[in-house]
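User: Please take a close look at one part of this model, the open sheet. I am in my first year, so explain the terms as you go.

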Amino acid sequence: MSETPLTGASYAAAGVDIEAGDRAVELMKEWVKKTRRPEVLGGIGGFAGLFDASALKRYERPLLASATDGVGTKTDIARRLGVYDTIGHDLVAMVMDDIVVCGAEPLFMTDYIAVGKVHPERVAAVVKGIAEGCVLAGCALVGGETAEHPGLLDADDFDVAGAGTGVVEADRLLGADRIRTGDTVIAMAASGLHSNGYSLVRHVLLNQAGLALDAHIEDVGRTLGEELLEPTRIYSLDCLALTRTTDVHAFSHVTGGGLAANLARVVPDGLHAVVDRSTWTPAPVFGLVGAVGKVERLELEKTLNMGVGMIAIVPQDSADAALATLADRGVESWVAGEITERGDRTTGAELVSDYA
């Protein structure tokens, strides 16, 4: 009686391609190098990223700030379009613009990319975008992980997340305790939808209306896909520049929850932020989502940034200097409101008037 040789199970047979992962690492190395800061030790490929903390000795009392976030369902737009080298900008913005809100300088971040199947060129393109975003934020990309999840994700599916660390001098920490009655609320223009509310946007424009991503939208001036994939503006270095030229009291990063809810997070008890809608006109894509989906204005404002990506709160006599600094850096900005006594109001921030 002859014996039939048994074929054992393998990682590759289970759907994980280690060689493809190694190839992806090789392709991304050149981009990671571009983010290097002098405090970074070693290179990509180690078990941990190393950052020389002795650089913090110049601080009297250094406070470390950390944040973590992802890109959300905007990754679905990237997947559908086959464009992978911009989504990393969104990731860096979501993480590092949260960190800079307290006045912290971004130092370094790490990323986590989950895929159904490793396509080395695609993974490298995602990391390229993350690295470019890190350069714009002034931080280093010190490490990351690419995980292949066969059976949980389809072959072309992917998700990205990241975590970052920054540092701020304790006596320069920004926040609600600095805000005073009469302070000016300065709005910084968003580059588009940024990276929030895409579950609503996709539901309305793609599922309900059945619009094609390659369809040219007249009011928007480009294809729907190009508009939806517009990278999130990274404000980190712009905000830090403001802290050097003006007496900034607080920042607010406008992400999930909208402008009013995020602004309220930095307004102290007893005070109230009043933002005048008539000081700006939201980009056409916001009106498109509202009109096509018959979405009420308050629902839009709870979900989308409506054209404002970052808020700075400064003393009234510093407003002109703040606007000048931002203009010099190419950031569109304007006086959008003021800080008042709360009185009988129940919320920390509200939008008034109609959009211009």
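Analyst: Here is the sheet, then what packs on it, then one ring pair. This is a predicted model, where local features need pLDDT of at least 70, side-chain atom pairs count only at pLDDT 80 or more, and totals for chains, interfaces and linings use all residues. Residues are numbered from 1 along each chain as its sequence is written, and side-chain values use heavy atoms, with hydrogens and water left out.

The open sheet has four strands, in the order β3-β6-β4-β5, with mixed pairing. Strands (E, at least two residues) and helices (H or I, at least four) are DSSP runs numbered from the N terminus. Two strands pair if DSSP finds at least two bridges between them. The edges are β3 (62-70) and β5 (140-148), and each pairs on one side only. From one strand to the next, the twist averages 15°. Axes are lines fitted to C-alpha atoms, for helices over the stretch in contact, and angles run from 0 to 180 degrees between N-to-C directions.

Now the β4 and β6 pair. β4 (residues 105-115) and β6 (residues 158-169) run antiparallel, joined by ten bridges. In this pair, P106 stands opposite G166 of β6.

Helix α4 (residues 120-137) lies across β4, β5 and β6. It runs at about 165° to β4. Contact means heavy atoms within 4.5 Å.

β4 also carries a ring, F108. F51 and F108 form a tilted aromatic pair, 5.0 Å centre to centre with 40° between the planes. Rings of Phe, Tyr and Trp (its six-membered ring) pair if their centres lie within 6.5 Å; planes under 30 degrees apart are stacked, over 60 edge-to-face, the rest tilted. F51 lies in β2 (residues 50-51) and F108 in β4, so the pair ties together parts 57 residues apart in sequence.
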